[in-house]
Structures are given as C-alpha cells and as structure tokens.
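Please open the structure in the viewer and keep its sequence at hand. The tour below proceeds by selections, each followed by a description of what is there.

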Amino acid sequence: MWRTATLYAVFAALSIAVNIGTQALCMAFYRGPGAVLVSIAAGTATGLAGKYLLDKRWIFRHVSRDRVHEARTFALYTAMGLATTAVFWGTELAFHLVFGSDALRYLGGVLGLVAGYALKYRLDRRYVF
C-alpha cells in the first residue's frame, strides 16, 4: 500500500511538472488570443500521456492483451480523466481570473492537479484497470 501510494505521488508530481512546464513553454512562445487555454490544453496532453504509461506499468501492473485492448484501456483512462481535468482546469482558470498572473495561475493548476489525481486514482482503480 505505501509503495503504491508513494509511487503514485511521485508519478503525479512528475506529471504535474511536465504539465506546468509545457504550459510555461507555450506561454513563452505564444501570448496571443487564447494563449492560456492553448497552454492548458497542451499541458494536459503531455501530462496525460506520460502519466498513463507510468500508471499502467507501475501502479496497476496492467498488460494489454492486444492493440484493441490497449486502445480501450487508454480510452477509459482518458474518459476518467475528463472529470478530473474539469477540476484542474476550473481551479487553474479561477486562479487566472482572480489573480491575473502566470505564477498564481500555475499554483491554481498544481492545486487542481493534486485534487484531480487523488480522485483519478480511485476512478482508474475501479473502472479502468
């Protein structure tokens, strides 16, 4: 139990770093219309892909039977992420609207991701893996 919880926390922290890092890179290169939403979407995509691979192998020890099973598993993983993504995006955008700074928006993103990952573990354990 402690090993799984520790690994999950480490993987969540890595995923958060990838997500926020991707957002910061996007914002460094583009500040035009919709820049915040573009950066959040890009961060979500990069965080999702890495976290899936880590969770599948090290947390849930899942082995897909074939490509169809792998695609189904990833689709379910992504679907469970929709609810948690709403928590993350909502928190980050609320911080953006209230505080109006990138640093505090990223803080909101981190807080939203932490809350979302706590929920996501339970959803993934029950419905995906």
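In this tour, two residues are in contact when heavy atoms of theirs lie within 4.5 Å. The model on the screen is a predicted one.

**First stop: T4**

Select T4, which lies in helix α1. Is T4 buried or exposed? The relative accessibility of T4 is 19%, and buried means under 20%, so T4 counts as buried. Leaving out residues up to four places away in sequence, T4 touches I59 and Y121.

**Second stop: helix α2**

Select residues 35–59, which make up helix α2. This helix has 25 residues and reaches 34 Å from its first C-alpha to its last, close to the 36 Å expected at 1.5 Å a residue. Colour the buried residues of α2, among them A35, V36, S39, I40, G43, T44 and G47. Further along, K51, Y52, D55, K56 and I59 are also buried. The buried residues of α2 pack against α1, α3 and α4.

Move next to R61, in the loop between α2 and α3. Although R61 is not a glycine, it has a positive phi of about 50°. R61 is exposed, with a relative accessible area of 51%.

**Third stop: the aromatic rings**

How many aromatic pairs does a search of the whole structure find? The search finds eight. Display the side chains of Y52 and Y77, which form one aromatic pair. The arrangement is edge-to-face, with 5.0 Å centre to centre and 65° between the planes. This pair links distant parts of the chain: Y52 belongs to helix α2, whereas Y77 belongs to helix α3 (residues 67–99), 25 residues apart. Both Y52 and Y77 are buried.

Now add Y8, F60, F74, Y121 and F129 to the selection; together with Y52 and Y77 they form one aromatic cluster. Show K120 as well: its charged end sits over the ring of Y77, 3.3 Å from the ring centre. A further example of a charge over a ring is R57, whose charged end sits over the ring of W58, 4.2 Å from its centre.

**Fourth stop: the end of helix α3**

Select F95 and F99. Both lie in helix α3, four residues apart, about one turn of the helix. An α-helix has 3.6 residues a turn, so residues three or four places apart point the same way. The ring centres of F95 and F99 are 5.4 Å apart and their planes are at 55°, so the pair is tilted. F99 is partly exposed, with a relative accessible area of 47%.

V98 is also found in helix α3. With a relative accessible area of 61%, V98 is exposed. Draw a line from V98 to F74: the two are 24 residues apart in sequence and 35 Å apart in space, C-alpha to C-alpha.

**Fifth stop: helix α4**

Select residues 102–128, helix α4. How far apart are its end C-alpha atoms? They are only 34 Å apart for 27 residues, short of the 39 Å that a straight helix would reach at 1.5 Å a residue. The buried residues of α4 include R105, Y106, G108, G109, G112 and L113. Also buried in this helix are G116, Y117, K120, L123, D124 and V128. The buried residues of α4 pack against α1 (2–29), α2 and α3.

Centre the view on R105, which lies in α4. R105 is buried, with a relative accessible area of 0%. Which residues does R105 contact, leaving aside neighbours within four places in sequence? They are Q23, M27, V36, S39, I40, E92, F95 and H96. One of these, F95, was met at the fourth stop as the partner of F99.

**Last stop: the largest pocket**

Finally, select T44, L48, G81, T84 and T85. About 250 Å³ of space lies in the largest pocket. Of the 18 residues that line the largest pocket, the five just selected are the closest to its centre. Helices α1, α2, α3 and α4 are the elements that give two or more residues to the lining. The largest share of the lining, seven residues, comes from α3. T44, which is among the residues closest to the pocket centre, is also one of the buried residues of α2.

Conventions. Residues numbered from 1 in each chain as written. Predicted model: local features only at pLDDT ≥ 70, side-chain atom pairs only at ≥ 80, totals over all residues. Heavy atoms only, no water. Phe/Tyr/Trp six-rings, centres within 6.5 Å; stacked < 30°, edge-to-face > 60°. Buried < 20%, exposed > 50% of the residue type's maximum accessible area, 1.4 Å probe, protein only. Lys NZ or Arg CZ within 6 Å of the ring centre and 35° of its normal. Expected span 1.5 Å × (residues − 1). 1 Å grid on protein atoms, 1.4 Å probe; cavity = no way out; pocket = protein on both sides within 12 Å on 5 of 7 lines; lining within 4 Å. Points joined across faces, edges and corners; volume = space filled by probe spheres on them.
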